[in-house]
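User: Please take a close look at the empty space in this model. I would like a connected account of what surrounds it.

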Amino acid sequence: WDGGSQDDVQQVWNPTTQAFLGVAYASDMFCAAHTHLADGRVLVNGGHTQKSQRPDLGIPDVDLFDAETTSWIEASEMRFPRYYPTTLLLGDGRALTVGGLMTTSRWADTPEVYDPWADTWWVLPEANTSDLHTGQYLRAHLLSDGTVYVINPADGRLRLLDVSTQGWTDVGPSPQRWGSTGQYRPGKILMT
């Protein structure tokens, strides 16, 4: 999808037939996060109110896309509105969301965890991210021990989050700023 330059142009691509199928979507997907859930659905959360009269606000919207039925299902909203959040699947099937902006001058500093079976969000008040502010998405990767490796692309700060204790461990700075990241082997992250 491209919610920034084109409205309502979400498509599903079939690599076998090379065909694209348009799929309508109700929320403002611009600046949203997404991750694949364990059951194959795509969780899309947050976004930007670019189409409204207050284009500086994040939204708490959460929707699930089912590729089998090519349909969107509205899920429970996050506790905090966010645009440019980062969301990733945890080892137990829940999804973690960190970072993002609520307004152009106010950050969403409290991570949240989504339980797809109960369709509920719960906050991690002790896992504050006020020292990880970036105007874009944080980079995050699940490690084999269950901790989440978080990279602030703006200043290269590297931290580990233990979701169960809501505790952070500072890992030190990265020599690389901005760029993309990918975990190419367990515990091996490439940033370019």
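Analyst: Gly99, Gly100, Trp107, Ala108, Asp109, Thr129, Leu132, His133, Thr134, Gln136 and Leu138 line the largest cavity (points on a 1 Å grid over the protein atoms alone where a 1.4 Å probe fits but cannot get out; lining means an atom within 4 Å of a point). The model is predicted: local features need pLDDT of at least 70 and side-chain atom pairs 80 or more, while totals for chains, interfaces and linings use all residues. Numbering runs from 1 along each chain as its sequence is written, and side-chain values use heavy atoms, without hydrogens and water.

The cavity has a volume of about 50 Å³ (the space filled by probe spheres set on points joined across faces, edges and corners), and the count is 1 cavity of 30 Å³ or more. Its lining comprises 4 nonpolar, 6 polar (Gly included) and 1 charged (Asp, Glu, Lys or Arg) residues.

Leu138 is also among the residues nearest the centre of the second largest pocket (an open set with protein on both sides within 12 Å along at least five of seven lines), together with Pro85, Thr86, Thr87 and Tyr137. This pocket holds about 160 Å³ and has 13 lining residues. Strand 3 (33-36), strand 7 (86-89) and strand 13 (139-142) each give two or more residues to that lining (strands are DSSP E runs of at least two residues). By class, the pocket lining has 7 nonpolar, 5 polar and 1 charged residues.

Strand 3 pairs antiparallel with strand 4 over 4 bridges (pairing needs at least two DSSP bridges). Within this pair, Thr35 has Leu43 of strand 4 as bridge partner. A hairpin with 5 residues between the strands joins them, and Gly40 in its turn has a positive phi of about 100°.
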